[in-house]
Amino acid sequence: MGRAFEYRKATKLKRWGHMARVFTKLGKQIAIAVKAGGPEPENNPTLRALIANCKRENMPKDNIERAIKNAMGKDQSEYKEVTYEGYGPHGVAVLVDTLTDNTTRTVADVRSVFNKFSGNMGTTGSLSFLFDHKSVFTFKKKEGLDMDELILDLIDYGVEDEYDEDEEENEITIYGDPKSFGDIQRHLESEGFAVTGAEFTYIPKDLKDVTAEARETIDKMVEKLEEFDDVQTVYTNMKPEE
């Protein structure tokens with residue numbers, strides 16, 4: 001999982017490039033969580049996880065509360081989660097996670113970028129085999145923590161036996177089955193861990209080497225996709241730059 005950690009670390013700043021765009025995307029995620037589980041964080045584990053993500057991204061408390069309030073409004077749009085897949089330039093696989101209230105608009109926007117960069121969009125599921133879909137949790141390491149024991153407790157939830165440790169932030173990152181997201185979160189919270197981040201991610205099974213010129217083109221494509229408000233995260237199997 002060290003490879004996965006480095007991949008996520010190398011792409012994080014690109015994925016969350018501009019603060020205003022980050023807050024917009026987190027606001028949409030909050031809207032879905034509130035619609036599904038209600039506005040009270042103590043009764044809505046998904047919302048609790050999102051609030052932790054918001055704090056991690058330095059989203060002001062007022063913004064978080066406003067997003068929750070707006071999600072309760074009668075006129076609030078219903079968002080759908082849609083993932084678009086395809087090959088970008090130089091044969092690099094691209095997954096585009098979106099939250100949209102207008103799939104016609106969103107697919108047209110995404111397709112226009114693929115076309116501009118001579119890529120090809122595929123059908124749903126056509127490229128997912130190139131990536132591992134994971135739930136990812138980051139939490140503060142407690143003094144005297146026995147990670148082997150913790151992993152043993154979580155193994156029934158599909159948690160991997162390898163993990164990443166950030167000594168500078170005193171944090172642990174674990175990877176598990178996306179279907180067990182709520183169970184993993186509840187177990188960590190019941191054991192008194194301070195969860196500082198929780199998300200779903202796609203980790204490429206194999207990284208594709210590209211030239212510096214190709215990397216520049218693919219980076220431009222990713223940046224163009226991320227300009228759309230409907231786009232949440234863009235994943236590729238391009239090997240991160242050293």
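**Exercise 1. Work out how well strand E2 (residues 93-100) is covered in this predicted model.**

Solution.
- Start with the whole strand: eight of the eight residues of E2 are buried, so by the cut-off of under 20% relative accessible area E2 is mostly covered.
- Next, recall a rule: in a regular strand the side chains alternate between the two faces of the sheet.
- Now sort the residues by side. Ala 93, Leu 95, Asp 97 and Leu 99 are on one side of E2, while Val 94, Val 96, Thr 98 and Thr 100 are on the other.
- Both sets are buried, and both faces of E2 are therefore covered.

**Exercise 2. Find the strands that pair with E2 and place them in a sheet.**

Solution.
- Keep in mind that strands of a sheet pair through backbone hydrogen bonds, either parallel or antiparallel.
- Look at strand E1 (residues 80-87): E1 and E2 are antiparallel, with eight bridges between them. One example to locate is Lys 80, whose bridge partner in E2 is Thr 100.
- Follow the chain from E1 to E2. The two strands make a hairpin with five residues between them, and His 90 in the turn has a positive phi of about 65 degrees.
- Turn to strand E8 (residues 231-236), which also pairs with E2 in the antiparallel sense, over five bridges. Here Val 94 stands opposite Thr 236, and Asp 97 has Thr 233 as its bridge partner.
- Put the pieces together: the order E3-E1-E2-E8 gives an open sheet of four strands with antiparallel pairing. Strand E3 (120-121) and E8 are the edge strands, each pairing on one side only.

**Exercise 3. Identify the helices that lie on this sheet.**

Solution.
- Begin with helix H8 (residues 212-226). This helix packs on the sheet and touches E2 and E8, and its direction makes about 165 degrees with that of E8.
- Then find helix H5 (residues 103-116), which lies across E1, E2 and E3 and runs at about 20 degrees to E1.

**Exercise 4. Describe the largest nonpolar core and the place of Val 96 in it.**

Solution.
- The largest nonpolar core has 17 residues, and Val 96, Leu 225 and Val 234 have the most contacts inside it.
- Ask which elements supply this core: E2, H5, H8 and E8 each give at least two residues. The largest share, five residues, comes from H8.
- Zoom in on Val 96. Leaving aside residues up to four places away in sequence, its contacts include Val 82, Tyr 84, Val 110, Phe 114, Leu 225 and Val 234.

**Exercise 5. Decide whether Gly 119 is buried or exposed, and describe its surroundings.**

Solution.
- Locate the residue: Gly 119 is in the loop between H5 and E3.
- Compare its accessibility with the cut-off. Gly 119 has 8% relative accessibility, so it counts as buried.
- List its contacts beyond four places in sequence: Gly 119 touches Tyr 87, Gly 88 and Phe 114.
- Check a partner far along the chain: Met 221 is 102 residues from Gly 119 in sequence, with 9.6 Å between their C-alpha atoms.

**Exercise 6. Search for ring interactions in the structure.**

Solution.
- Count the aromatic pairs: the whole structure holds four.
- Look for a group: Phe 137, Phe 181 and Phe 200 form one aromatic cluster.
- Finish with a charge over a ring: Lys 142 lies over the face of Phe 193, at 4.4 Å from the ring centre.

Notes
Residues are numbered from 1 along each chain as its sequence is written. This is a predicted model: local features need pLDDT of at least 70, side-chain atom pairs count only at pLDDT 80 or more; totals for chains, interfaces and linings use all residues. Side-chain values use heavy atoms; hydrogens and water are left out. Buried means under 20% relative accessible area, exposed over 50%, partly exposed in between (1.4 Å probe, protein chains only). Two strands pair if DSSP finds at least two bridges between them. Contact means heavy atoms within 4.5 Å. Axes are lines fitted to C-alpha atoms, for helices over the stretch in contact, and angles run from 0 to 180 degrees between N-to-C directions. Rings of Phe, Tyr and Trp (its six-membered ring) pair if their centres lie within 6.5 Å; planes under 30 degrees apart count as stacked, over 60 as edge-to-face and the rest as tilted. A charge sits over a ring if NZ of Lys or CZ of Arg is within 6 Å of the ring centre and within 35 degrees of the ring normal. A nonpolar core is a set of buried Ala, Val, Leu, Ile, Met, Phe, Trp, Tyr and Cys residues joined through side-chain atoms within 4.5 Å.
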